[in-house]
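Me: I would like a close look at a single part of this predicted model. Please go through the sheet, then follow the contacts outward from there.

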Amino acid sequence: MAVPSPPSRPRIPGSGLAKGLAVTLRTMTRKHVTEQYPDALPELPPRTRGVIGLFEENCTVCMLCARECPDWCIYIDSHKETVPPATPGGRERSRNVLDRFAIDFSLCMYCGICIEVCPFDALFWSPEFEYAETDIRDLTHERDKLREWMWTVPAPPALDPGAEEPKEIAAARKTAEKLAAAQAEPADPQEGAS
């Protein structure tokens, strides 16, 4: 059985024009706020995605950021070095050394996947947005330029005071309490009795 449709209101000729003029009149009466951009910098939200900064000391050249990048705009070169053994009789280790880390911002779509997949917190969002160039080839920023952007990254927000304590800190605190309790107990049970 077909459900009858509700009766439609009759259209008044020119009602759409009247609604549009009402919106125009409302916006005409509001005070305009014009920011004089080069002279006064805008107030940016704390999680602004401007440019990506590299904290080179944390980079282990795992290549996850370059592999996961949908635009293939991250270029990484490295070589292996052998590290002498830490203790006598130990074996030599090899480690990756970063030679080149570059991001082509003319290709980057600012999705943030590289920052999310980095397991060592080597990449961060910086709120800086003034890096326009006259030549598109200059938008490939090498690791020195990415390191400069790193110093503009804001500090992380404070933890919520009502939040649960992180598991790692809770485990470390419990271990420290056990060690303190073990050291506080007398070594000889007869010493404590006398």
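In which order do the three strands of the open sheet stand, and is their pairing parallel or antiparallel?

Reply: The order is β2-β3-β5, and the pairing is antiparallel. The model is predicted, so local features need pLDDT of at least 70 and side-chain atom pairs count only at pLDDT 80 or more, while totals for chains, interfaces and linings use all residues. Numbering starts from 1 along each chain as its sequence is written, and side-chain values use heavy atoms, without hydrogens or water.

Strands (E, at least two residues) and helices (H or I, at least four) are DSSP runs numbered from the N terminus; strands pair if DSSP finds at least two bridges between them. β2 and β5 (140–141) are the edge strands, each with a single partner, so one side of each lacks a neighbour in the sheet. β3 and β5 are joined by two bridges, and opposite D104 stands T140 in β5.

Helix α4 lies across β3 and β5, at about 80° to β3 (axes fitted to C-alpha atoms, for helices over the stretch in contact; angles from 0 to 180 degrees between N-to-C directions).

β2 (74–83), β3 (93–104) and α4 (143–150) each supply at least two residues of the largest nonpolar core, as do β1, α2, α3 and β4. This core (buried Ala, Val, Leu, Ile, Met, Phe, Trp, Tyr and Cys joined through side-chain atoms within 4.5 Å) has 26 residues. Among those with the most contacts inside it are I74, I76, F101, I103 and L123. Beyond four places in sequence, L123 is in contact (heavy atoms within 4.5 Å) with I52, G53, L54, C65, F101, C114, I115 and C118.

Two of these partners, C65 and C118, belong with C59 and C62 to a "binding site" annotation in an unreviewed UniProt entry; such annotations may be inferred rather than shown by experiment. The four cysteines span 60 residues in sequence, but no two of their C-alpha atoms are more than 10.4 Å apart, so they gather at one spot.

C118 sits in the loop between α3 (113–117) and β4 (123–126) and counts as buried, at 13% relative accessibility. C62 is in the loop between β1 (51–54) and α2 (64–68); at 30%, C62 is partly exposed. The cut-offs are under 20% for buried and over 50% for exposed, with partly exposed in between (1.4 Å probe, protein chains only). Apart from neighbours within four places in sequence, C62 touches R67 and P119.
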